[in-house]
Amino acid sequence: MDEEKSVQRAPSLDLTAKQAVDVPEIDHVAEKKLVRKLDLHIIPFIMLLYLFSFLDRVNIGNARLYGMEEDLGLMGNQYQTAVSILFVTYLLAEVPSNLVLKKFTPSRWISFITTSWGIIATLTGVTQSYAGLLVCRLLLGLVEGGLFPGAAVYLTLFYTKRELALRVGYLFISAAIAGAVGGLLAYGIGFMDGVAGQKGWRWILILEGLPSAVLGIATWFLLADSPETAFYLSSEEKHLIKVRRDRQLGQTSSAQEFHRADVYAAFKDWKVYAFCAGQFGTDTVLYGYSTFLPTIIKGLGTWSTAQAQALTIPCYCLGALSYVVAARISDAQQRRGLYTVLFGGISVIGYGILISDSSTGVHYLGCFLVAMGLYVTCGLPLAWLPNNSPRYGKRTTATGLQLTIGNSSGIMAPFLYPGSEGPRFIRGHSVTLAMVGMANVIFAFMSWYLSKQNERRRRGDEDAKVANMSEAEIAELGDESPRFVYTV
């Protein structure tokens with residue numbers, strides 16, 4: 001294709017025919033180069049941040065297998081309490097953190113919370129009591145809570161809605177990698193048991209926490225605050241990002257500023273709460289599976305602690321691969337609901353197998369099926385809701401609410417797997433199956449409902465709402481505009 005043909009005035013698929021004539025020109029060859037550059041400078045760094053965040057949050061599951069409960073004298077459900085109490089402060093931090101993200105700038109705010117959780121995670125390894133463990137977990141949740149919602153909103157500053165699922169999905173791939181790496185690291189660090197007179201579980205927490213503190217300091221210098229201030233973009237590339245934004249309905253310059261009215265709009269939109277309820281169901285799987293997989297696998301056979309850690313790695317690898325494939329297809333087709341429900345169904349089958357009275361090999365297959373569906377059914381809705389919230393204030397609030405309510409399942413999930421109900425954990429698997437089934441019903445309904453809304457808008461049934469409005473006023477309506485096309 002020659003250069004003249006690469007510059008097209010084709011209408012954006014996000015716009016109706018009424019706006020097609022006003023769509024800015026774009027050089028598609030330059031756009032592909034731009035996206036590759038963004039991926040090179042943003043994605044590895046964001047993935048590394050979330051990898052260490054997730055690792056420092058769930059490595060308590062690995063520490064448990066190396067004598068943490070005995071060393072700290074934990075009894076009854078005190079371990080489960082220590083796991084779940086993190087989410088109390090984690091939830092309280094998510095929405096406020098998103099609301100101050102622009103005020104403090106992403107580089108400084110994310111640097112602060114990353115350095116803080118790295119120090120806290122490291123010091124958890126030297127705690128000497130149950131009370132000390134609870135304090136560390138509460139503080140860890142307080143500073144970690146802002147990372148995922150902040151990262152999800154940060155990505156929307158650079159990428160279009162057709163590129164977002166895969167990029168948000170990289171965060172979940174990081175979670176899967178953290179699970180695999182966590183098992184591998186725990187396997188190796190576990191052999192340090194007794195070094196300097198310290199138990200293996202302490203070395204796991206200390207050595208996995210220190211890199212986060214170092215990464216937090218690097219974030220201050222390496223993370224760009226916005227496309228306009230990105231040191232790795234030329235002036236032409238910065239202009240191209242603006243053009244890409246202008247091609248999406250509702251992505252006006254004013255819409256990208258923070259407005260209180262948009263915050264209130266998010267709190268009043270019932271669709272936001274539907275996504276929150278669905279996210280609660282899928283996150284129950286995420287936290288139950290990620291924290292207790294080593295314990296679940298160890299209970300399936302007569303494996304040693306080290307062998308159980310090693311057997312978690314293939315499950316997480318399959319989960320990461322499944323998300324990459326599903327997210328690419330979902331982005332290409334701009335269909336979120338179909339693949340969310342499809343892969344949620346695979347997790348349901350996996351839990352059904354774990355509940356069944358089957359052989360060790362069949363139960364291990366169930367662990368693979370849960371992982372295969374887990375990251376897709378958790379990750380795609382976190383791209384789906386921002387896709388349908390073009391105004392920054394509403395998007396950042398809706399994403400914060402979605403993650404806050406979704407992550408509140410982390411308070412409940414640890415109590416689904418008490419040690420007294422092992423090795424089968426029938427109740428835990430049954431409740432988790434029901435939760436992901438509930439989420440599937442919600443997301444299937446939302447996909448159907450949004451499709452119906454798109455049909456109404458295509459027929460012009462809502463055009464009367466903007467009959468006396470100018471084009472500029474219509475553009476400021478965001479997803480309330482009858483010209484906005486929902487992602488389904």
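Biologist: What makes the span of helix H14 (residues 305-333) close to the expected one?

Modeller: In this predicted model, H14 has 29 residues and reaches 43 Å from its first C-alpha to its last, close to the 42 Å expected at 1.5 Å a residue. The expected span is 1.5 Å times one less than the number of residues. A helix here is a DSSP run of H or I with at least four residues, numbered from the N terminus. Just after H14, Gln334 takes a positive phi of about 55°.

Biologist: Why is Ala82 called buried or exposed?

Modeller: Buried means under 20% relative accessible area, exposed over 50%, and partly exposed in between (1.4 Å probe, protein chains only). Ala82 has 0% relative accessibility, so Ala82 counts as buried. Ala82 lies in helix H5 (residues 78-104).

Biologist: Which residues is Ala82 in contact with, leaving aside its neighbours within four places in sequence?

Modeller: They are Ile60, Leu133, Leu134 and Arg137, where contact means heavy atoms within 4.5 Å.

Biologist: And why is Ile217 called buried or exposed?

Modeller: Ile217, in helix H10 (residues 200-222), has 51% relative accessibility and therefore counts as exposed.

Biologist: How do you know how confident the predictor is?

Modeller: We look at pLDDT, the predictor's confidence in each residue, from 0 to 100. The chain averages 88, and 93% of the residues score at least 70. Over residues 1-21, though, the pLDDT is below 50.

Biologist: Any ground rules to remember?

Modeller: Local features need pLDDT of at least 70 and side-chain atom pairs 80 or more, while totals for chains, interfaces and linings use all residues. Residues are numbered from 1 along each chain as its sequence is written, and side-chain values use heavy atoms, leaving out hydrogens and water.

Methods. Helices (H or I, at least four residues) and strands (E, at least two) are DSSP runs, numbered from the N terminus.
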